[in-house]
Amino acid sequence: MILANLPWQKRSSIIDDHGLAKETDESLTSQHEHEPALKRIREQGYAIDDEEHFRGVRGVAVPLFHEEDNVVVSLGITGLRDRYPSNYTGNLLDILRYAKSEIEVRSRYYEYSTIHKWKSLLFSYMIFWLYKIQFHSYN
């Protein structure tokens, strides 16, 4: 998610330095196939990981911007693929988008100039939303 929102030169440098590991059969391992996926992520405003890093694991994430185009962190939910079917991913995405909006609005009114302050804010939201997600998934 963060990689998708970095400038091309920075993305290219990171990929050149660290490569794209083939974790599963779904992993994208070349910059040629990776760039269209990153473009789609930027346009959609979210990323879905469907067994690309770990077999049997699905995740969805949204970027958090501190300023117009400055991605600070991403906010995501990951779980076992069997537990989170693709139709439930939309519900999780709605929750993440709501939390993203709340956090971004708060960051405009309060100073979150250090990563420690961002971590504190994200942790408090994470606990709140995990409770809501857990309650929602069973009821």
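**Entry 1. Val60**

I began with Val60, which lies in strand E2. The model I am reading is a predicted one. I asked whether Val60 is buried or exposed. Val60 counts as buried because its relative accessibility is 3%, and the cut-off for that class is under 20%.

I then looked up what surrounds Val60. With neighbours within four places in sequence set aside, Val60 is in contact with Tyr46, Ala47, Ile48, Leu75, Gly76, Ile77, Thr89, Leu92, Leu93 and Leu96. For Ala47 I also noted the backbone spacing: the C-alpha atoms of Val60 and Ala47 are separated by 5.6 Å, and the two residues are 13 apart along the chain.

**Entry 2. The chain as a whole**

I next recorded the general layout. The protein chain has four helices and three strands. Read from the N terminus, the order of elements is α-α-β-β-β-α-α.

The chain has 139 residues, and 36% of them count as buried. I noted an exposed area of about 9300 Å² for the chain, with 53% of it supplied by carbon and sulfur atoms. Among contacts between residues at least 6 apart in sequence, I found that 51% join residues at least 24 apart.

**Entry 3. The cavity**

How many cavities of 30 Å³ or more does the structure hold? I found one. The space in the largest cavity is about 40 Å³.

I listed its lining: Arg58, Gly59, Val60, Ile77, Thr78, Gly79, Tyr84, Thr89 and Leu92. Strand E2 (57-67), strand E3 (70-80) and helix H3 (86-109) are the elements that give two or more residues to this lining. Sorted by class, the lining has four nonpolar, four polar and one charged residues. Val60, the subject of my opening entry, is thus among the lining residues, and its contacts include Ile77, Thr89 and Leu92.

**Entry 4. Arg58**

I turned to Arg58, another residue of the cavity lining. Arg58 has its place in strand E2. Why does Arg58 count as buried? Its relative accessibility is 7%, and the class requires a value under 20%.

Which side chain makes a polar contact with the side chain of Arg58? I found that of Asp50, at 3.2 Å. Beyond neighbours within four places in sequence, Arg58 is in contact with Asp49, Asp50, Ile77, Thr78, Gly79, Arg81, Tyr84, Pro85, Ser86 and Thr89. Ile77, Thr78, Gly79, Tyr84 and Thr89 also appear in the lining of the largest cavity.

**Entry 5. The largest pocket**

I then examined the largest pocket, whose volume is about 900 Å³. I counted 37 residues in its lining, and those nearest the centre are Met1, Ile41, Asp49, Glu52 and His53. Helix H1 (8-18), helix H2 (31-44), strand E1 (47-50), E2 and E3 each give two or more residues to this lining.

Which element supplies the largest share of the pocket lining? I recorded H2, with seven residues. By class, the pocket lining has 21 nonpolar, ten polar and six charged residues. Asp49, one of the residues nearest the pocket centre, is also in contact with Arg58.

**Entry 6. Glu51**

I checked the loop between E1 and E2, where Glu51 is found. The phi angle of Glu51 is near 65 degrees, which is a positive value in a residue other than glycine. Glu51 counts as buried because its relative accessibility is 19%, and the limit is under 20%.

**Entry 7. Arg11**

I looked up Arg11, which is found in helix H1. At 5% relative accessibility, Arg11 counts as buried. I found a polar contact between the side chains of Arg11 and Glu35, at 3.0 Å. With neighbours within four places in sequence left aside, Arg11 is in contact with Leu3, Ala4, Leu6, Glu35, Leu38 and Arg42.

**Entry 8. Val105**

I closed with Val105, whose place is in helix H3. I asked which accessibility class Val105 falls into. Val105 counts as partly exposed because its relative accessibility is 38%, and that class lies between 20% and 50%. Finally, I noted the C-alpha to C-alpha distance of 9.6 Å between Val105 and His66, which are 39 residues apart in sequence.

Key: Residues numbered from 1 in each chain as written. Predicted model: local features only at pLDDT ≥ 70, side-chain atom pairs only at ≥ 80, totals over all residues. Heavy atoms only, no water. 1 Å grid on protein atoms, 1.4 Å probe; cavity = no way out; pocket = protein on both sides within 12 Å on 5 of 7 lines; lining within 4 Å. Points joined across faces, edges and corners; volume = space filled by probe spheres on them. Nonpolar A, V, L, I, M, F, W, Y, C, P; charged D, E, K, R; others polar. Buried < 20%, exposed > 50% of the residue type's maximum accessible area, 1.4 Å probe, protein only. Contact = heavy atoms within 4.5 Å. Areas by Shrake-Rupley, 256 points an atom, 1.4 Å probe, with all protein chains shown as cover. Polar contact = N/O pair within 3.5 Å; in protein donor to acceptor, adjacent residues only side chain to side chain.
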